[in-house]
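Take a walk through this fold, strand by strand, then look at a pocket, some cysteines and two backbone angles. Keep the structure in view as you read.

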Amino acid sequence: MTGSIIFVAKFHMLITLSLLINCQTSVAMGGEQSSESGATDKKMEETKIYEKKFSKEELKNRLTPLQYHITQERGTERAFTGELYKIADDGAYHCVVCDALLFKSETKFDSGCGWPSFYDMAGQGTVIFNEDSTHGMKRVETVCAKCGAHLGHVFEDGPSDKTGQRYCINSASLKFNPKKKADKSEL
């Protein structure tokens with residue numbers, strides 16, 4: 001009995017590790033990246049004074065514990081658990097902290113990694129890139145350009161017919177605003 005419990009625990013750890021390795025491919029840090037979609041060179045920034053600032057107390061009162069952990073403490077939600085992972089509706093994805101527009105549904109795709117994935121940001125300068133060498137990997141962190149909230153990471157394994165980028169974003173860092181449907185008036 002004890003042997004099978006240990007086997008199940010090890011098997012679960014192996015699957016989790018496999019998901020992380022598959023979804024967080026190491027990215028070579030070149031300093032600049034370019035996008036075919038016209039988003040000019042994106043430079044990584046380590047320090048920035050953000051336009052919107054919020055007190056720790058205000059954010060702890062306004063955000064859920066998970067949203068706070070992800071956006072303010074650089075956390076990561078478990079794969080395949082986020083509310084926005086499977087949403088395919090038309091609309092826009094905003095920062096849960098400051099409401100800045102970050103991504104559009106037209107650029108969302110199913111990468112199979114368990115987090116919402118986009119091949120481009122909503123507009124030039126909406127996301128800032130930071131070097132991230134935590135957890136023994138070299139990655140590029142994405143943060144909101146307006147308030148500095150941690151969003152997730154960007155990898156160079158996105159759709160090759162688009163930008164080649166995969167913005168792997170935590171659902172808890174985003175707020176989805178569905179596109180309003182046109183009213184049908186009777187004639």
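Start with the pairing of β8 and β9. Strand β8 covers residues 139–144, and it pairs with β9 in the antiparallel sense over four bridges. This is a predicted model. Within the pair, V143 stands opposite H150 of β9. Five residues lie between the two strands of this hairpin. One of the residues to look at here is G148, which takes a positive phi near 85 degrees.

Now stay on β9 and turn to its other partner. Strand β10, residues 166–169, runs antiparallel to β9, and four bridges join the two. Here V154 stands opposite Y167 of β10. How many of the six residues of β9 are buried? Six of the six are, and the strand, residues 150–155, is mostly covered.

Move next to another sheet. It is open, has three strands and follows the order β4-β3-β11, with antiparallel pairing. Its edge strands are β4 and β11, each of which pairs on one side only. From one strand to the next, the twist averages 30 degrees. Strands of a sheet pair through backbone hydrogen bonds, and the sense may be parallel or antiparallel. For β3 and β11 the sense is antiparallel, with five bridges between them. Find Y93 and look across to β11: F176 stands opposite.

Strand β11, residues 174–178, also leads to a pocket. This is the second largest pocket, with a volume of about 220 Å³. It is lined by 13 residues. Which of them lie nearest the centre? They are Q67, E83, S171, A172 and L174. Both α3 and β11 supply at least two residues of the lining. The most comes from β11, which gives three residues. By class, the lining of this pocket holds five nonpolar, five polar and three charged residues.

The cysteines come next. How many disulfides does the model have? The count is zero. Take C98 as a test case. Its closest cysteine sulfur belongs to C144 and is 3.6 Å away, too far for a bond because a disulfide needs sulfur atoms within 2.5 Å. C147 is likewise in no disulfide, and the nearest cysteine sulfur, that of C95, is 3.7 Å away. Are these cysteines buried or exposed? C98 has a relative accessibility of 7%, so it counts as buried. C147 is buried as well, with a relative accessible area of 13%.

Finish with the backbone. Most residues other than glycine have a negative phi. Two residues here take a positive value. F80 has phi near 65 degrees. It is found in the loop between α3, residues 65–73, and β3, residues 91–95. D99 has phi near 70 degrees. This residue lies in the loop between β3 and β4, the latter being residues 101–104.

How accessible are these two loop residues? F80 has a relative accessible area of 40%, so it is partly exposed. D99, at 38%, counts as partly exposed too. The limits behind that label are 20% and 50%: buried is under the one, exposed is over the other.

Methods. Residues numbered from 1 in each chain as written. Predicted model: local features only at pLDDT ≥ 70, side-chain atom pairs only at ≥ 80, totals over all residues. Heavy atoms only, no water. Buried < 20%, exposed > 50% of the residue type's maximum accessible area, 1.4 Å probe, protein only. Pairing = 2+ DSSP bridges. Axes fitted to C-alpha atoms, helices over the stretch in contact; angles between N-to-C directions. 1 Å grid on protein atoms, 1.4 Å probe; cavity = no way out; pocket = protein on both sides within 12 Å on 5 of 7 lines; lining within 4 Å. Points joined across faces, edges and corners; volume = space filled by probe spheres on them. Nonpolar A, V, L, I, M, F, W, Y, C, P; charged D, E, K, R; others polar.
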